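Q: Please give a close account of the sheet in this model, together with its setting in the chain. A connected description would be preferred to a list.

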Amino acid sequence: MLILPTMPDIAPLLSESDDALNDYRNNALNLLCLSVLSGLPQVSIPLASRSGAPLGLSLMGPAGSDLSLAALARRIAETPAA
């Protein structure tokens with residue numbers, strides 16, 4: 001099981017510079033391509049927030065673990081925060 005952020009940060013503002021938006025996009029692609037390139041299942045759960053915007057946590061499992069990964073994600077999402 002690999003646990004990682006879904007995105008590098010909350011979504012950037014539209015008023016950000018083109019350079020800042022490109023940096024965010026490139027950092028996001030580094031995280032988003034892992035599952036696709038490896039062929040492993042991944043699920044994202046919105047478990048946190050920052051500045052009122054949601055932040056997701058991704059769970060990536062071994063090949064063929066789709067159903068157990070979804071079940072684990074459901075258990076994590078339904079667990080009350082401490």
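**The sheet and its setting**

A: In this predicted model, the chain exposes about 5700 Å², and 61% of that area is supplied by carbon and sulfur atoms. Of the 82 residues in the chain, 20% are buried. Its C-alpha atoms fill a box of roughly 40 × 35 × 15 Å along the principal axes. The secondary structure comprises two helices and three strands, and from the N terminus on, the elements follow the order β-α-β-β-α.

The three strands form an open sheet, and their order within the sheet is β1-β3-β2, with antiparallel pairing. The edges are occupied by β1, residues 2-5, and β2, residues 42-50, each of which pairs on one side only. From one strand to the next, the twist averages 25°.

The two pairings may now be taken in turn. β1 is joined to β3 by four bridges, and these two strands run antiparallel. Within β3, L59 is the residue that stands opposite I3.

On the other side of the sheet order, β2 and β3 (residues 53-60) also run antiparallel, and eight bridges join them. Two of the residue pairs can be located by name: P46 has G56 in β3 as its bridge partner, while S49 has P54 in β3. β2 and β3 form a hairpin, with two residues between the strands. In that turn, S51 has a positive phi of about 55°.

As for the faces of such a sheet, side chains in a regular strand alternate between the two faces.

A helix accompanies this hairpin. Helix α2, which spans residues 66-78, lies across β2 and β3, and its direction makes an angle of about 20° with β2.

Two properties of the whole chain complete the setting. Among contacts with a separation of 6 or more, 48% are accounted for by residues 24 or more positions apart. The chain also carries 4 positive and 7 negative side chains, and 12 Å separates the centres of these two sets.

In summary, the sheet is open and antiparallel, with β3 between β1 and β2 in the strand order. Its pairings comprise four bridges from β1 to β3 and eight from β2 to β3, and α2 lies across β2 and β3.

Methods
Residues are numbered from 1 along each chain as its sequence is written. This is a predicted model: local features need pLDDT of at least 70, side-chain atom pairs count only at pLDDT 80 or more; totals for chains, interfaces and linings use all residues. Side-chain values use heavy atoms; hydrogens and water are left out. Two strands pair if DSSP finds at least two bridges between them. Axes are lines fitted to C-alpha atoms, for helices over the stretch in contact, and angles run from 0 to 180 degrees between N-to-C directions. Contact means heavy atoms within 4.5 Å. Buried means under 20% relative accessible area, exposed over 50%, partly exposed in between (1.4 Å probe, protein chains only). Accessible areas come from the Shrake-Rupley method with a 1.4 Å probe; for residues, only the protein chains shown count as cover. Lys and Arg count as positive and Asp and Glu as negative; His and the chain ends are not counted. The place of a charge is taken as NZ of Lys, CZ of Arg, CG of Asp or CD of Glu.
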